[in-house]
Amino acid sequence: MWTEEIVAGRRALRHTASGVVFREVPGGTFRMGLSDAELEAVRAVERSGGVEDTLEPFFAGAGDAQPVREVRVEPFLIARHPLTVAQVQHWLPDYEDGYADEDSGTARLEDDLDDLLDALPFRLPSEAEWEYAARAGTTTLTFRGDGKPGEDLLLDDFGDEERTAAGENAFGLAAMGSAGEICADVWIPGFADAPADVRPRTGDGPRTVRGGAADLYPWQGCDEWLLLLSATRYEHSQFTAVRPVAPLPR
């Protein structure tokens with residue numbers, strides 16, 4: 001099922017049948033959620049004149065990603081980047097995507113989402129797994145720090161291996177935050193009573209989405225950079241990208 005290889009100078013596991021490349025994420029603990037320090041960092045960007053619009057809706061919704069809590073994470077595998085159109089077509093041969101220009105672009109699923117999730121031999125990440133993978137050991141707005149993220153962090157097509165490799169974080173993951181990626185958790189505003197491990201919160205209703213900067217156009221036109229932040233979360237509607245996870249192989 002798995003082929004071990006070196007991708008962009010570091011170990012990876014490729015799902016042999018589909019070609020999807022996975023990275024191993026080490027276990028550990030982290031502080032999950034939007035911290036006061038991160039909120040102040042966004043305020044600093046605002047004070048510096050680095051915003052295009054008002055950030056009051058962002059600050060008003062900050063409680064949706066709080067309170068910050070410590071979460072334990074066991075090692076797991078996660079796809080290096082969201083599934084591409086070509087990769088989705090491995091499981092859904094008739095899949096067509098109206099958002100991607102190339103088969104190497106991120107697939108954004110609407111009506112086909114449930115069919116893909118039924119066909120995948122993998123599962124969706126929990127929110128905790130997604131944020132832990134996105135932070136890659138950091139406590140800042142993005143894995144590159146507290147500055148306003150630029151277009152170099154925005155990856156929506158993976159045909160250019162050099163650019164994909166340049167966009168990886170310390171865990172070897174690219175495009176965390178670029179597209180909206182659906183998680184296993186049901187949408188619940190805030191983290192009150194959330195578990196201290198990576199178990200997803202379950203229930204009825206829409207799931208939670210992380211990321212989504214590339215889902216808005218034009219980039220940097222209305223503060224889409226906020227969707228690149230590791231802690232940004234919101235309720236799923238319309239299309240979504242999928243970044244599957246898997247247990248470590250025996």
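This passage describes the nonpolar core, the salt bridges, the backbone exceptions and a charged surface patch of a predicted model.

In soluble globular proteins, nonpolar side chains tend to be buried together. The largest nonpolar core of the model holds 42 residues, and the members touching the most others are Val42, Phe58 and Trp225. At least two core residues come from each of strand 4 (28-32), helix 1 (36-47), helix 2 (56-60), strand 5 (69-73), strand 6 (76-79) and helix 5. Helix 5 gives the largest share, 5 residues.

Helix 5 spans residues 127-135. It is largely enclosed by the rest of the structure, because 9 of its 9 residues are buried. Charged residues are included in this buried set: Glu127, Glu129, Glu131 and Arg135 are listed alongside Ala128, Trp130, Tyr132, Ala133 and Ala134. Just after the helix, Ala136 adopts a positive phi of about 50°.

Side chains of opposite charge can pair when their charged atoms come close. In this model the count of salt bridges is 22. One of them lies within helix 5, where Glu131 and Arg135 are 4 residues apart, about one turn of the helix. Their side chains meet at 2.9 Å, N to O. Glu131 has a relative accessibility of 0% and therefore counts as buried; Arg135, at 3%, is buried as well. Salt bridges with shared partners link these two residues with Glu38, Glu127, Arg210 and Arg233 in one network.

A second salt bridge involving helix 5 pairs the side chain of Glu129 with that of Arg123, at 2.8 Å from N to O. Glu129 is buried, with 3% relative accessibility, whereas Arg123 is partly exposed, with a relative accessible area of 40%. A further salt bridge is formed by the side chains of Arg14 and Glu5 at 2.9 Å, N to O. Arg14 is partly exposed at 26% relative accessible area, and Glu5 is also partly exposed, at 23%.

Most residues other than glycine have a negative phi, and most peptide bonds are trans. Several sites in the model depart from this pattern. Ala175 has a positive phi near 70° and is located in the loop between helix 6 and strand 7 (181-186). Its relative accessibility is 3%, so Ala175 counts as buried. Asp193, in the loop between strand 7 and strand 8, has a positive phi near 65°. Its relative accessibility is 79%, above the 50% limit, so Asp193 counts as exposed. The peptide bond between Gln66 and Pro67 is cis, with omega about 0°. Pro67 belongs to the loop between helix 2 and strand 5.

A negative surface patch comprises Asp101, Glu102, Asp103, Asp157, Asp160 and Glu162. Of these patch residues, Asp160 is placed in the loop between helix 5 and helix 6 (161-166). Asp160 is partly exposed, at 42% relative accessible area.

Gln220 is situated in the loop between strand 8 (207-210) and strand 9 (233-235). With a relative accessible area of 21%, it is partly exposed. In sequence, Gln220 and Glu52 are separated by 168 residues, while their C-alpha atoms are 7.7 Å apart in space.

Definitions and conventions:
Residues numbered from 1 in each chain as written. Predicted model: local features only at pLDDT ≥ 70, side-chain atom pairs only at ≥ 80, totals over all residues. Heavy atoms only, no water. Patch = residues over 30% accessible without salt bridge, like charges linked within 9 Å, V, L, I, M, F, W, Y side chains within 5 Å. Areas by Shrake-Rupley, 256 points an atom, 1.4 Å probe, with all protein chains shown as cover. Salt bridge = Lys/Arg side-chain N within 4 Å of Asp/Glu carboxyl O. Lys, Arg positive; Asp, Glu negative; His and termini not counted. Charge placed at Lys NZ, Arg CZ, Asp CG, Glu CD. Buried < 20%, exposed > 50% of the residue type's maximum accessible area, 1.4 Å probe, protein only. Core = buried A, V, L, I, M, F, W, Y, C linked by side-chain atoms within 4.5 Å.
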